[in-house]
Amino acid sequence: MNHKMKSSAWDGLFEAVLHLQSMEECYAFFEDVCTVNELISISQRFEVAKMLRAGKTYLEIADKTGASTATISRVNRSLNYGSDGYNMIFSRMEQEKKTD
């Protein structure tokens, strides 16, 4: 974790997210907290990360998501050199699919 980013405000936000219990609650909370454009950007980066992990090319990803190559490159850098947040979540999601 990047300790420069840690703050009581971020702690409060993340604690709130940990209390969400359903998809409907997530929609309601994030619609209140974020603008539509912020949610579009976040969900686009998440989709880019999934596609990069699946071995898709930058061109394929840009065509499917509308993300710029700069965005794709930033997400790729996070996947390879970041805090492993994407990989942690994807691993958990894959594990959950196996147990369903």
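Tutor: Let's fix one term before we start: contact means heavy atoms within 4.5 Å. With that cut-off, and leaving aside neighbours within four places in sequence, Thr65 of this predicted model is in contact with Gln44, Glu47, Val48 and Met51.

Student: Where does Thr65 sit?

Tutor: Thr65 is in helix H4. Gln44, Glu47, Val48 and Met51, its partners, belong to the H3 side of the H3–H4 contact.

Student: What makes the link between the Thr65 side chain and the backbone oxygen of Ile61 a polar contact?

Tutor: The distance is 2.7 Å, and the cut-off for a pair of N or O atoms is 3.5 Å. The pair is therefore inside the limit.

Student: Which residues does H3 bring to H4?

Tutor: H3 brings Gln44, Glu47, Val48, Met51 and Leu52, which meet Tyr58, Glu60, Ile61, Lys64 and Thr65 in H4. By class that's five nonpolar, two polar and three charged. Thr65 falls in the polar group because Thr is on neither the nonpolar nor the charged list.

Student: How are H3 and H4 arranged?

Tutor: They pack at an angle of about 145°, axes 10 Å apart, and the crossing is right-handed.

Student: Why is H3 called roughly perpendicular to H6?

Tutor: Look at the angle: helix H3 (residues 36-53) and H6 pack at about 75°, with axes 11 Å apart. The roughly perpendicular range is 65 to 115 degrees, so H3 and H6 get that label.

Student: What makes that contact?

Tutor: On H3 you have Arg45, Phe46, Ala49, Lys50 and Arg53, and on H6 Tyr86, Asn87, Ile89, Phe90, Met93 and Glu94. Six of those residues are nonpolar, one is polar and four are charged.

Student: What about H3 and H5?

Tutor: Helix H5 (residues 69-81) packs on H3 at about 65°, with the axes 9 Å apart. This crossing is right-handed. H3 uses Gln44, Arg45, Val48, Ala49, Leu52 and Arg53, while H5 uses Thr71, Ile72, Val75, Asn76 and Leu79. The tally here is six nonpolar, three polar and two charged.

Student: How many helices and strands are in the protein chain?

Tutor: Six helices and zero strands, giving the pattern α-α-α-α-α-α along the sequence. The C-alpha atoms fill a box of roughly 35 × 35 × 30 Å along the principal axes.

Student: How do you know how confident the predictor was?

Tutor: Check pLDDT, which runs from 0 to 100: the chain averages 94, and 96% of the residues score at least 70. Among the helices, H6 (residues 85-99) is lowest at a mean of 93, and H4 (residues 58-65) is highest at 98. The usual caution still holds: where pLDDT is low, predicted coordinates shouldn't be read in detail.

Terms used: Residues are numbered from 1 along each chain as its sequence is written. This is a predicted model: local features need pLDDT of at least 70, side-chain atom pairs count only at pLDDT 80 or more; totals for chains, interfaces and linings use all residues. Side-chain values use heavy atoms; hydrogens and water are left out. Helices (H or I, at least four residues) and strands (E, at least two) are DSSP runs, numbered from the N terminus. Axes are lines fitted to C-alpha atoms, for helices over the stretch in contact, and angles run from 0 to 180 degrees between N-to-C directions. Angles under 35 degrees count as roughly parallel, over 145 as roughly antiparallel, 65 to 115 as roughly perpendicular and the rest as oblique. A crossing is left-handed if the near helix is turned anticlockwise from the far one by less than a right angle, and right-handed if clockwise. A polar contact is a pair of N or O atoms within 3.5 Å; within protein, one must be able to donate a hydrogen and the other to accept it, and residues adjacent in sequence count only if both atoms are side-chain atoms.
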